[in-house]
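Please open the model in a viewer and keep the selection panel at hand. The tour below proposes a series of selections and describes what each one shows.

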Amino acid sequence: MKLRTRSHRRMPTRDGAFVYLPDSASIVRLDAEAVTVLDRFECREGLEAAEYLAETGRGRDAAAEVLEELCDVGAIRPVEEVRPPSSSLPPMPFPLATLVLNVSSRCNLSCTYCYEYGEDKLPGQGEGKRPASMSPETALRSIDFLFESARGRRDVSVTFFGGETLLNREAIEAAVDHAEGLARATEKRVHFALTTNATLLDDDIIAFLIDHRFGVNISIDGDRASHDRHRSFKSGRGSYDTVVPKIRRLLAAARGRTRPIGARVTLTRPLPNLRDLYAHLTHDIGFDEVGFAPVTSAPNRDHALLGDDYDDLLAQYSALADDYVAAALEGHRHGFSNLGDLLRELHEGVNKAHPCGAGLGLVGVATDGELGLCHRFVESEAHPIGDIENGIDEDRRREFLEKGHVNRKIECATCFARPVCAGGCYHEAEVRYGDASHPNLHYCDWIRAWTDLGLRAYARITDANPSFFQRFERTSS
Amino acid sequence: MKHIQPVNRKAKRLAEWVAGSRDEVRALQDTDTPFGCTTVFAPGWEVDSGGGTHGLCQPIERDLYDCYHSCYWPAQVPDGLTNWPSWAESCGAPMNDWKNIDLVFP
């Protein structure tokens, strides 16, 4: 029988290698002998097992043992072994875990890159066909819908999104109060999260966010110059000087009393120095975590990142990853959350059938109660999947999920980054290709390089401080 | 496993699964079964247990003995090696006598 290696990624060590096996999303450590055998079977046409056992100088039984172990973990398999592509879904209707409420489609800023109101909005978004704010009644009904749709789940999450969320405190407060009541009555746990531009934070709302243990994400683009480039009021005045004192108040009040507070940085061209930006946000302002997101944009916008920018971005992420690894080796936590999130997935061995939970465990609610795949799709005409009164349109949901399954994306079949990427963001694909289920081919090389960076960081940390990842197990269970 | 160490959580589950499947499933040639199915080399669909093709499955009643005597074809017939060696005695010519064979009740 002819055997050959399956697609895998190696991270060499002094005495062997860590190997990532995308078929199962396992990470294993091979000794030097196993690496030699893996090398021998790294050929497209395959090698007869008997031929290998006859040629090997290390004794037939010993060689067969190594080979068998490599076959068992799926690193080497028969050449003719095919895995029929399947786009099977979990049993439907899948219980909801997270509801994202677009409580306000208004915003008091006019960020030039905004996908909701800027040049890259989807058809239907920002056209004023719906109420600008979600009414408290719709918010309450949405919470009812979440608890009904979550069925047997013990934990549910409500995320508030906008526009600027804090323009509609009435709906947020009503929803939180109602959700906590329902959670008590149904013995579930409810978690809250909110994204805000921080312009409207005051002592009352800070106390409210802390009391209800909100996970808070603040959109901020760095120091004054980087931030004010795009994040300005309608008058054109930058918002940095308004938001930073308020953020400091929140961070001081929340320290140790709520979940880590994260900065969410939108990256545009020309790229700033991310290490300096990270240091500013964590050391100078006091954020626990910083996550970076390249702007979602059609390629012809001035602020859109181009090919060279992505090379630069990767080099800068690599520098931040070095800092992360150095901290991890000393047992400390580092707040580069893009890498933290990736390492958590790699450690768990996540193997995604879909790029994210949109339409599966998560849906977004528009201000009028219509449901979209996620917060980025609500209020657009793309992929409406029901409303809170009548529930999810299960036929549309199933059709979308089957089409978006990674096994339907031919280009993804041989990619080692498939388990963590699964084709990438639906919204990004909708903006780029006009088809949410299209794989995001424009950033494949980048995703592979980024996944590789994550794998190497994972190997370096595991090699020198194997207990580091136990903290992920505690927080994810 | 001696040469491979599971590292992430998925690999640990995979290693447990591999170890578990080792105990439950063993290749036929590794077991001590001296008789029956293992003595028959089954080259495939196209020949019967004797290596012939003549009259294969014609008439269908003839197939009975490939299932019963030689275990050539796995089918729901009584175990003729140990428990019901005389089950088909009343069925000398299957085309005519198949009605004579009866159910068994273990």
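Two strands are taken to pair if DSSP finds at least two bridges between them. The model under inspection is predicted.

**First stop: the sheet shared by the two chains**

Select β2, β3 and β4 of chain A together with β1 of chain B. These strands form an open sheet of four strands in the order β2(A)-β3(A)-β4(A)-β1(B), with antiparallel pairing. At its edges lie β2 (9-13) of chain A and β1 of chain B, each of which pairs on one side only. Following the sheet across, one finds a twist that averages 25° from one strand to the next.

Now restrict the view to β4(A) and to β1(B), residues 4-6. The two run antiparallel and are joined by three bridges. Which residue of β1(B) stands opposite Arg29(A)? It is Gln5(B). Val28(A), in turn, stands opposite Pro6(B) in β1(B).

Next, add the helices that pack on this sheet. α1(A) touches β3 (16-21) and β4 of chain A together with β1 of chain B, and its direction makes about 105° with that of β4(A). α15(A) also packs on the sheet, touching β2, β3 and β4 of chain A; its direction makes about 35° with that of β2(A).

**Second stop: the contact between chains A and B**

Widen the selection to the whole contact, which takes 21 residues from chain A and 13 residues from chain B. On the side of chain A that touches chain B, at least two residues each are supplied by β4 (26-31), α1 (32-40), α3 (60-72) and α11 (337-348). Which of the elements of chain A gives the most to this side? It is β4(A), with six residues. Coloured by class, the side of chain A that touches chain B divides into nine nonpolar, five polar and seven charged residues.

**Third stop: chain B on its own**

Hide chain A. Chain B has three helices and one strand, and from the N terminus on its elements run β-α-α-α. How many of the 106 residues of chain B, as a percentage, count as buried? The value is 13%. Among the contacts in chain B with a separation of 6 or more, 28% are between residues 24 or more positions apart.

**Fourth stop: a sheet within chain A**

Restore chain A and select β5, β1 and β6. They make an open sheet of three strands with the order β5-β1-β6 and antiparallel pairing. The edge strands, each pairing on one side only, are β5 (47-48) and β6 (76-78). Between β1(A), residues 2-5, and β6(A) there are three bridges in the antiparallel sense. A residue pair to display here is Thr5(A) with its bridge partner in β6(A), Ile76(A).

**Fifth stop: β7, β13 and β14 of chain A**

Move to β7(A), residues 98-104, and β13(A), residues 362-365. These strands run parallel and are joined by four bridges; Leu99(A) has Val363(A) in β13(A) as its bridge partner. β13(A) also pairs with β14(A), residues 370-372, in the antiparallel sense over two bridges. Here Gly364(A) has Gly372(A) as its bridge partner in β14(A). The two strands β13(A) and β14(A) form a hairpin with four residues between them, and Gly369(A) in the turn has a positive phi of about 100°.

**Sixth stop: helix packing around α10 of chain A**

Select α10(A), residues 307-329, and α15(A), residues 444-464. They pack at an angle of about 15°, with their axes 10 Å apart. Because angles under 35 degrees count as roughly parallel, α10(A) is roughly parallel to α15(A). The crossing of these helices is right-handed. Residues to show as sticks include Tyr310(A), Tyr317(A) and Tyr324(A) of α10(A), and Trp446(A), Trp450(A) and Arg460(A) of α15(A). By class, this contact of α10(A) with α15(A) has 15 nonpolar, one polar and one charged residues.

Finally, select α9(A), residues 274-285, beside α10(A). The angle between the two is about 50° and their axes are 9 Å apart, which means that α9(A) is oblique to α10(A). Leu274(A), Arg275(A) and Tyr278(A) of α9(A) meet Gln316(A), Ala319(A) and Leu320(A) of α10(A). Four nonpolar, one polar and one charged residues make up the contact of α9(A) with α10(A).

How values were computed: Residues numbered from 1 in each chain as written. Chains lettered and ligands numbered in written order. Predicted model: local features only at pLDDT ≥ 70, side-chain atom pairs only at ≥ 80, totals over all residues. Contact = placed C-beta atoms within 7 Å. Nonpolar A, V, L, I, M, F, W, Y, C, P; charged D, E, K, R; others polar. Buried ≥ 20, exposed ≤ 12 C-beta atoms within 10 Å, placed from the backbone. Axes fitted to C-alpha atoms, helices over the stretch in contact; angles between N-to-C directions. Parallel < 35°, antiparallel > 145°, perpendicular 65-115°, else oblique. Left-handed = near helix turned anticlockwise from the far one by under 90°.
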